[in-house]
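Trainee: Got a minute? I'd like a walk through this one before I start clicking around.
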Amino acid sequence: MVSLAIASRAERAWSVLDTVLDPEVPALSVRDLGLVREVLDHGDALEVVLTPTYSGCPATEAIEQDVIAALDAAGLGPTRVSLRRAPAWTSDWISAEGRRKLADYGIAPPGPVVHEDATPIRFIGRRAQAVACPRCASLMTERLSAFGSTACKAMYRCSSCREPFEHFKPI
C-alpha cells in the first residue's frame, strides 16, 4: 500500500472514492459498484470517468455531485466528471467486497452475466437461476416482482425463512 504522504493525487482520489456511497444502495461505494472507470490527473484538475449502471439511471447526477464534493473536500480538486457509456456497465464490475456488502445489507448479489451467444439482442426470456436468500442462504426462493425499489433490482421471497428480499439483477 502506498503511503498517503507520497501517494499521487490520483491514488489519493481512488481512496476518497471508496467513501462516496451510491444513493440507491448506500451499502456500496461507487468503487464497490464498479462505476469509476478512471481517475485522470490533468494537473489543473482531476477528471473522474464514470459509467452509470444504465443510461437512464436517475442517480447519475447525484453521484456526479457527490464525487465532486468528496474530492474537493479532500483538497484534491478542482474536479470534473465525465460519463463513459461504452462499454456499458455490467453487474460483473461489482467488486467481491461489493457483493459481500450487498448480501450483508440484505440484497442478494447478482450472479455472473451469462453470454450464451454473440447475438446482441435476444427476444427470449432468461433462464431462471436460483437466487440465494441473503438472510439464510436457502435456494428455495421465488420471484415476486421483476422490479424492486429500483429498476436494477427484483423482489424475491424465501420459502425457508419467509423473508422478502431484493436481488440485484445481473446486467
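Mentor: Sure, let's go from the overall layout to some local details, and keep in mind that this is a predicted model.

Trainee: How many helices and strands are there in the protein chain?
Mentor: The chain has three helices and seven strands. Starting at the N terminus, the order is α-β-β-α-β-α-β-β-β-β.

Trainee: And what share of the residues is buried?
Mentor: Of the 171 residues in the protein chain, 37% are buried. The accessible surface is about 9,500 Å², with 55% of that belonging to carbon and sulfur atoms. As for contacts between residues at least 6 apart in sequence, 51% join residues at least 24 apart.

Trainee: Let's zoom in on α2. How far apart are its end C-alpha atoms?
Mentor: They are 20 Å apart. Helix α2 covers residues 60–73, which is 14 residues, and at 1.5 Å a residue the expected span is 20 Å, so the two values agree.

Trainee: Which residues of α2 are buried?
Mentor: Those are Thr60, Ile63, Val67 and Leu71. Looking down the axis of α2, the buried residues sit within an arc of 60 degrees, so they line one face of the helix. On the other side of α2, Glu61 and Ala73 are exposed.

Trainee: What do the buried residues of α2 pack against?
Mentor: They pack against α1 (9–17), β2 (46–50) and β3 (79–83).

Trainee: OK, so what about α1? Which of its residues are buried?
Mentor: In α1 the buried ones are Arg9, Ala10, Ala13, Val16 and Leu17. Down the axis of α1 they fall within an arc of 110 degrees, so these residues line one face of their helix too. Their packing partners are β1 (36–41), β2 and α2.

Trainee: Switching topic: how many cavities of 30 Å³ or more are there?
Mentor: The count is one. The largest cavity has a volume of about 110 Å³.

Trainee: Which residues lie nearest its centre?
Mentor: Asp22, Leu35, Thr53, Cys57 and Ile63 do, out of 15 residues that line the cavity. You've already met Ile63, as one of the buried residues of α2.

Trainee: Now the backbone. Where are the cis peptide bonds you mentioned on the phone?
Mentor: Let's take two of them. One joins Gly77 and Pro78, with omega at about 5 degrees, and Pro78 lies in the loop between α2 and β3. Another joins Ala86 and Pro87, with omega at about 0 degrees. Pro87 is in the loop between β3 and α3 (96–105).

Trainee: Why point those out?
Mentor: Because most peptide bonds are trans, and most residues other than glycine have a negative phi.

Trainee: Then which residue other than glycine has a positive phi near 65 degrees?
Mentor: That's Arg162, found in the loop between β6 (153–158) and β7 (164–168). Ala137 also isn't a glycine, and its phi is positive at about 70 degrees. Look for Ala137 in the loop between β4 (107–108) and β5 (141–145).

Trainee: Is Ala137 buried or exposed?
Mentor: Exposed: its relative accessibility is 56%, and the cut-off for that label is over 50%.

Trainee: And what comes just after α2?
Mentor: Gly75, with a positive phi of about 75 degrees.

Terms used:
Residues are numbered from 1 along each chain as its sequence is written. This is a predicted model: local features need pLDDT of at least 70, side-chain atom pairs count only at pLDDT 80 or more; totals for chains, interfaces and linings use all residues. Side-chain values use heavy atoms; hydrogens and water are left out. Helices (H or I, at least four residues) and strands (E, at least two) are DSSP runs, numbered from the N terminus. The expected span of a helix is 1.5 Å times one less than its number of residues. Buried means under 20% relative accessible area, exposed over 50%, partly exposed in between (1.4 Å probe, protein chains only). The arc is that of the directions from the helix axis to the C-beta atoms. Contact means heavy atoms within 4.5 Å. Accessible areas come from the Shrake-Rupley method with a 1.4 Å probe; for residues, only the protein chains shown count as cover. On a 1 Å grid over the protein atoms alone, a cavity is a set of points where a 1.4 Å probe fits but cannot get out, and a pocket is an open set with protein on both sides within 12 Å along at least five of seven lines; lining residues have an atom within 4 Å of a point. Grid points are joined across faces, edges and corners, and a volume is the space filled by probe spheres set on the points.
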